[in-house]
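Student: I've got a protein model open and I'd like to quiz myself on it. Can we go through it together?

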Amino acid sequence: MGAAKTKTEHAVVIAGGGPTGLMLAGELALASVDVAIVERRASQELAGSRAGGLHSRSIEVLDQRGIADRFLAEGQTFGVAHFHIPLDISDFPTRHNYGLGLWQNHIERILAGWVGELPVTIHRGCEVTGFAQDDTGVDVALSDGHSLRAEYLVGCDGGRSLIRKVAGIEFPGSDPTVSNLIAEVEVAEQPKLGIHRNEFGVHGFGRLNYEIRNGEVVFMDGGPLRVMVTERQVGTGSEPTLRDLSEALIDIYGTDYGIHSPTWISRFTDMTRQAASYRQGRVLLAGDAAHVHYPAGGQGLNLGMQDAVNLGWKLARVIRKTSPESLLDSYHAERHPVAAIALRNTMALVALLRTDDRSNALRETMSELLGMDAPRKRFAAHMSGLGIHYDLGEGHPLLGRRMPDLDLVTANGPLRVFTLLHDARPVLLNLGEPGGFDISPWADRVRLIDAGFDGVWELPVLGAVPAPGAVLIRPDGYVAWVGDSTQPGLVDALTNWLGPPAAA
Ligand SMILES: Cc1cc2nc3c(=O)[nH]c(=O)nc-3n(C[C@H](O)[C@H](O)[C@H](O)COP(=O)(O)OP(=O)(O)OC[C@H]3O[C@@H](n4cnc5c(N)ncnc54)[C@H](O)[C@@H]3O)c2cc1C
């Protein structure tokens, strides 16, 4: 640790203000936790457009906080998730049965706007350079010579995470087998837009401005060209040059189209690694800091935002001492398997993108399989995030799954379930006889709502499920208990998730 000149205290310090760090800061602030982000970039501006959008479950998560409309207003919706081939999700029972095409720089801008409305401290243009944890907290060293003291430090500092490395958390997985250059450039000569293949892989040209018309992407004139090429040899390093891109284009097309004036050139690979543990004492990891993989299928940003939403309320409860520290272990237990499936899927996608005869045959076979209803739904549920099932034990199919955004009827009029989650607090939803529940020892921690719902309870992939008498909904929108007013298991669930009952 460098010499600390001053030491400011926060309950949580987040290293990195990308999509994961921003989402986590918002979640913590909603739970009234004193949180600070330390972000290397001087502003939220992102060099390059990077990720292409949000999947259905991420849009739902934003809807749970009442901010989905901000994103929907700026993007283009499309009724599919991709597992190499487009998988129709228009029949999934959700209000958001589509993906949203919206570049990451816009996603970050909108998220930062939301965070700006909440009490979050952001130290911009400043890096975390190290930390040391003890029994009561973490000393966080900053590049400007200052030091912060936090009860918890969360590394949302991307794939090369310093926090992960300093914590000594293993990052097992596999080295790259393929690399791509991606860039935004001007050209002297217009290439054919769209996806192209040759013997060493898939390449593409597009424009940042596009519209979806009849399910097809239609590029708009003007603005920079987005170029993506597969390199003949696996490239190393993350800072390729215009010359590297020019050579790669000539390798593939025999011309570099007179590329010039790049605003962004980057390299990504299919290196696939996942942190062995998402927590080490008072240090946690989320987003790319915890998992890296090939971007095909558009999973990374979505995983990171949902890591944040899983972690935020748990960390808040532990900090407020309403729940024991062991609640934090459920973060790894729930989110590690979700990312492990995503990593497996992206590795399969890399194999499907190869262009040799056998890979072509495999792709055709997969396309045939995914054209069938059950496989389509299963993989679309993976890619969209709607199929996430946290292992909360045996029981009703809703247990551990996302609570659907039902149109409820209450004594005060109609009510959407997701509006109950705007303030990120847990809800006990009684769908049986009004007044049938007594949860007074937890009244300060969970809101009890009496409501009716006459429709069909339907979940993605599973279809119709039996109507529950009552559900306990966690702040992240997942169902923690299902039962009725006889209340078996409810006290355990409330204690487990929200802490022991308040003394009478
Ligand atoms: C070409 C491409 C296309 C992609 N397409 C998609 C897609 O369509 N959908 C999708 O979901 N994902 C996609 N991804 C992945 C997505 O971009 C990442 O998963 C996402 O950015 C991860 O967010 P994050 O906040 O965890 O990490 P990052 O976005 O990497 O943010 C980390 C932040 O931490 C800061 N930082 C780093 N170190 C420090 C430090 N020591 N101190 C302070 N600050 C620090 C960085 O400046 C950065 O702002 C794509 C990625 C690429 C490269």
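Student: Which helix gives the most to the shell around the ligand?

Tutor: This is a predicted model, where local features need pLDDT of at least 70 and side-chain atom pairs count only at pLDDT 80 or more, while totals for chains, interfaces and linings use all residues. Residues are numbered from 1 along each chain as its sequence is written. Helices (H or I, at least four residues) and strands (E, at least two) are DSSP runs, numbered from the N terminus. Helix H1 (19-30), strand E2 (35-39) and H7 each supply at least two residues of the shell, and the top giver, with four residues, is H7.

Student: Which residues come nearest to the ligand?

Tutor: A residue is near the ligand if its C-beta atom, placed from the backbone, lies within 6 Å of it. There are 33 residues around the ligand. The ones that come nearest are Gly16, Gly18, Gly158, Gly287 and Gly300.

Student: Which residues have the most contacts inside the largest nonpolar core?

Tutor: A nonpolar core is a set of buried Ala, Val, Leu, Ile, Met, Phe, Trp, Tyr and Cys residues joined through C-beta atoms within 7 Å. Buried means that 20 or more other C-beta atoms lie within 10 Å of a residue's own; 12 or fewer is exposed, in between is partly exposed, and C-beta atoms are placed from the backbone. The largest core has 123 residues, and the ones with the most contacts inside it are Val12 and Leu153.

Student: And which helix gives the most to this core?

Tutor: Look at residues 300-319. That helix puts eleven residues into the core, and its name is H7.

Student: Is Arg474 buried or exposed?

Tutor: Find Arg474 in the loop between strand E30 (470-473) and strand E31 (479-483). Leaving aside neighbours within four places in sequence, Arg474 is in contact (C-beta atoms, placed from the backbone, within 7 Å) with Trp313, Pro426, Ala480 and Trp497. Because Arg474 has 26 C-beta neighbours inside 10 Å, it counts as buried.

Student: Which strands stand at the edges of the sheet with E30 and E31 in it?

Tutor: Two strands pair if DSSP finds at least two bridges between them. Four strands form this open sheet, in the order E27-E26-E30-E31, with mixed pairing. An edge strand has a single partner strand, so one side is left without a neighbour in the sheet, and that fits E27 (447-450) and E31.

Student: How many bridges join E30 to E31?

Tutor: These two strands run antiparallel. Ala470 stands opposite Gly483 in E31. The number of bridges joining E30 to E31 is four.

Terms used:
Two residues are in contact if their C-beta atoms, placed from the backbone, lie within 7 Å.
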